[in-house]
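Welcome, and thank you for opening your viewer. Please load the model below, and let us walk through it one selection at a time.

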Amino acid sequence: MTALRISVLIVNYNAGARIVRCLRALADQTVSHFEVVLVDNGSADGSLALARDAAGGLDLQVLEAGENLGFAAGNNRAAEIARGEWLALLNPDAYPDPAWLQRLLEAAGRYPDVAAFGSLQIDAADETRLDGCGDVMNASGVYYRGGYGAPTESAPREDAETFAPCAAAALWRAEIFRALGGFDERFFCYGEDVDLAYRHRLEGGRIVQVAAARVLHEGSGLTGRRSGFSVYHGVRNRSWVFVQNTPGWLFPALAPLHIAATALFFLRAVATGSGGAYARAMRDAIAGLPETLKTRRRIQGRRSTSVGQIARAMSWSPVRLLRRAPDLRPFPPHAP
């Protein structure tokens, strides 16, 4: 198990002391055969210097981007120079349990045909609450972090299939990540992990949520969950994920539902003071449609999974969506 070479990818942008806590948690891992590839997106808060000082005995590579490339491009640059067979994506505000990498590698051994794994995320500010246990794709095209805010005691106790792994703490087989083209860099940040997992599913891939792989996560600790920045990128990218990836007859069938959900969430955004950021996001999502449709043609041209299989992988429950309830499916060992 420990012979598997793993690269931990971290994109840092003004993470402050969080990056120190993150690296110290990595230094405490129960496996030692891994490297850390840290991309610094032009931080101006001294966090890069803090990271170098905190690295200790870690095998650390640092790539200074000199500017804010975003989460998507930053991870892609890290993946280009990573030496590992596996890429463990980790946010600088995520603090893994000492056995995190070991549990992920054990899962990779249990499910040799699986190339992507998610972690159980616990709220770093309140460890009695979950930050997420797998990303859910609702049929409306609205995706969300399943189980967000639920009691930690409700966390799944067994591995299960999830639609997508949250990239705050995920594991990808490096050759598959690269074959998929990595993250879509147009997204900058937010939703790029669901987009990548969707593309993987369209080409026959499946994703396992690993119950025993645990991290504490602040959750939008750097950008603010309800900030204009988060609202803008989350809303714009959600539309792009839907248009690019929804296959075959599902696209025209679900488009009215997606438009209705977008309108309803816009009204809620107006009520909470985020209407301006939401409106800008929709304007730019529409402006980007020509490029998005071009990307759609490329993605759908590579599809090998049936439309019915994708439909079955989605959640169709509006109640589950409103409650942000997880949607995990049984996954037997060595499943195709």
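Two strands pair if DSSP finds at least two bridges between them, and helices (H or I, at least four residues) and strands (E, at least two) are DSSP runs, numbered from the N terminus. Residues are numbered from 1 along each chain as its sequence is written, and side-chain values use heavy atoms, with hydrogens and water left out. This is a predicted model, where local features need pLDDT of at least 70 and side-chain atom pairs count only at pLDDT 80 or more, while totals for chains, interfaces and linings use all residues.

**First stop: strand S11**

Select residues 169-173, which form strand S11. Which residue of S11 stands opposite Leu 89? That residue is Ala 170. Now add strand S4 (residues 86-90), which pairs with S11 in the antiparallel sense over 5 bridges. Strand S6 (residues 116-123) also pairs with S11 in the antiparallel sense, over 3 bridges. Here Ala 170 is the bridge partner of Gly 118.

Show the side chains of S11 next. Ala 169, Leu 171 and Arg 173 point one way, while Ala 170 and Trp 172 point the other way. Buried means under 20% relative accessible area, exposed over 50%, and partly exposed in between (1.4 Å probe, protein chains only). Because 5 of the 5 residues of S11 are buried, the strand is largely enclosed by the rest of the structure.

**Second stop: His 200**

Move to helix H6 (residues 192-202) and pick His 200. Is His 200 buried or exposed? At 8% relative accessibility, His 200 counts as buried. Contact means heavy atoms within 4.5 Å. Leaving out residues up to four places away in sequence, His 200 touches Trp 172 from S11, along with others including Ala 115, Ile 176 and Arg 206. Try a distance too: the C-alpha atoms of His 200 and Thr 305 are separated by 9.7 Å, although these residues are 105 apart along the chain.

**Third stop: Asn 41**

Go to the loop between strand S2 (34-40) and helix H2 (47-54), where you will find Asn 41. Asn 41 is buried, with a relative accessible area of 1%. Its side chain makes a polar contact of 3.3 Å with the side chain of Asn 68. A polar contact is a pair of N or O atoms within 3.5 Å; within protein, one must be able to donate a hydrogen and the other to accept it, and residues adjacent in sequence count only if both atoms are side-chain atoms. Not counting residues up to four places away in sequence, Asn 41 touches Asn 68 and others, among them Val 11, Tyr 13 and Gly 70.

**Last stop: two unusual backbones**

Most residues other than glycine have a negative phi. Select Phe 188, which is not a glycine but has a positive phi of about 65°. Phe 188 sits in the loop between helix H5 (174-179) and H6. Then choose Arg 324, in the loop between helix H12 (318-323) and strand S13 (329-330). Arg 324 has a positive phi of about 55° and is not a glycine either. At 26% relative accessibility, Arg 324 counts as partly exposed.
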